[in-house]
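Work through the exercises below with the sequence and the model open. Try each task before reading its solution.

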Amino acid sequence: MTTERALVIGGGGVAGISWATGIVAGLADAGVDVTEADLLLGTSAGSNVTAQLGSGVGIAELVRRQVDPAVQSREIVPSMEKFAGLWETLSAIIEETQGDSVDRRQRIGALALTADTVPEAERRAVIETRLPVHEWPARDLRITAVDAGTGELRVFDKDSGVGLVDAVTASSAVPMVWPCATVGGVRYTDGGVRTSVNADLATGYARVLVIAPMPDEELAVQVAGLVAAGARVEVIAPDEAATTAFGVNPLDTATRVPSLEAGRAQGKSDAGRIAALWQD
């Protein structure tokens, strides 16, 4: 059975959370409300945004939570050296494991399990401050993570028996930067270890909007698969202003306000083509 509209949001760090929030706000400014999607599907940064959108809190308040120091989440900012080391290591593994995604995920997971990071509880507390509501919504919200030991994808939802904060913490466990999240005795790493968007999981939906803060080598293939299955798909990726706002470290809290502003402007600019998808 084909269902109607899916909103898919991928990974992109603290900057990606703000930018994606800005995109949704900018679309709303222009009269395009994508928050009432039949499916909210989030990976890493996108898991935070979709959980926030599913909370029932209004867009204006979600924007305020990104830009107002009085209500911003209490983030831990990793060093630039740690962030640079992450990309250097991941790039090498990707190059060495061309065509073997399971091996890639297992190798990244092994590094994530042994990385020197802050304690799990400290990282989970950050996610608690990001989410205005800690219970799963009644609507269809799905959050991705990867089993750090086996490399297998796990998709959490309201029926998975896992708390929302734990699911988002697992999905946001950037390997070698943040600790793997222990859920039901299993250690999970970031859902973006599979792909940064995981748009293929929206197969079966007639209209799919993908908000992709980071480049994803698999996204074009996933979009083609969605189209082949009968979906209409639109993708919003960062424009030049957004890329500049993200800077060299999208995990830096200094990126929040400029990324939100860039996203909001881009959402307004893209509203016409998104309306043609969403409102027909």
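Helices (H or I, at least four residues) and strands (E, at least two) are DSSP runs, numbered from the N terminus. The model is predicted: local features need pLDDT of at least 70, side-chain atom pairs count only at pLDDT 80 or more, and totals for chains, interfaces and linings use all residues. Residues are numbered from 1 along each chain as its sequence is written, and side-chain values use heavy atoms, with hydrogens and water left out.

**Exercise 1.** Place Leu7 in its element, then decide: is Leu7 buried or exposed?

*Solution.* Start with the element. Leu7 lies in strand S1, residues 3–9. Next, accessibility. Buried means under 20% relative accessible area, exposed over 50%, partly exposed in between (1.4 Å probe, protein chains only). Leu7 has 0% relative accessibility, so it counts as buried. Now list the neighbours. Contact means heavy atoms within 4.5 Å. Leaving aside residues up to four places away in sequence, Leu7 touches Val34, Ala37, Leu39, Leu40, Leu41, Leu53, Leu209, Ile211 and Trp278. Finally, a distance: from Leu7 to Val102 is 95 residues in sequence and 26 Å in space, C-alpha to C-alpha.

**Exercise 2.** Which residues touch the most other members of the largest nonpolar core?

*Solution.* Fix the term. A nonpolar core is a set of buried Ala, Val, Leu, Ile, Met, Phe, Trp, Tyr and Cys residues joined through side-chain atoms within 4.5 Å. The largest one has 46 residues, and Leu7, Leu27, Val34, Phe156, Leu209 and Ile211 touch the most other members. Helix H1 (residues 13–29) supplies the largest share of this core, 7 residues. A second, separate core has 16 residues, among them Ala6, Ala199, Ala202 and Ala212. Go back to Leu27. Beyond four places in sequence, Leu27 touches Val32, Val34, Leu209, Ile236, Gly267, Lys268, Asp270, Ala271 and Ile274.

**Exercise 3.** Describe how H2 packs on H1 and on H7.

*Solution.* Take the axes as lines fitted to C-alpha atoms, for helices over the stretch in contact; angles run from 0 to 180 degrees between N-to-C directions. Angles under 35 degrees count as roughly parallel, over 145 as roughly antiparallel, 65 to 115 as roughly perpendicular and the rest as oblique.

- H1 with H2: the axes come within 8 Å and cross at roughly 40°. H1 is therefore oblique to H2. Gly13, Gly16, Ile17, Ala20, Thr21 and Val24 of H1 meet Ala45, Asn48, Val49, Gln52 and Leu53 of H2.
- H2 with H7: the axes of H2 (residues 45–54) and H7 (residues 164–171) come within 7 Å and cross at roughly 155°. The two are therefore roughly antiparallel. Ser47, Asn48 and Ala51 of H2 meet Leu164, Val168 and Ser171 of H7.

Last step: how enclosed is H7? In H7, 7 of the 8 residues are buried, so the rest of the structure largely encloses this helix. The buried ones are Leu164, Val165, Ala167, Val168, Thr169, Ala170 and Ser171.

**Exercise 4.** Where is Glu75, and what does Glu75 touch?

*Solution.* Glu75 sits in the loop between helix H3 (59–67) and helix H4 (80–96). Its relative accessibility is 17%, so Glu75 counts as buried. Residues up to four places away in sequence aside, Glu75 touches Val14, Arg123, Val126, Arg130, Thr253 and Arg256. Compare sequence with space: Glu75 and Thr129 are 54 residues apart along the chain, and their C-alpha atoms are separated by 8.7 Å.
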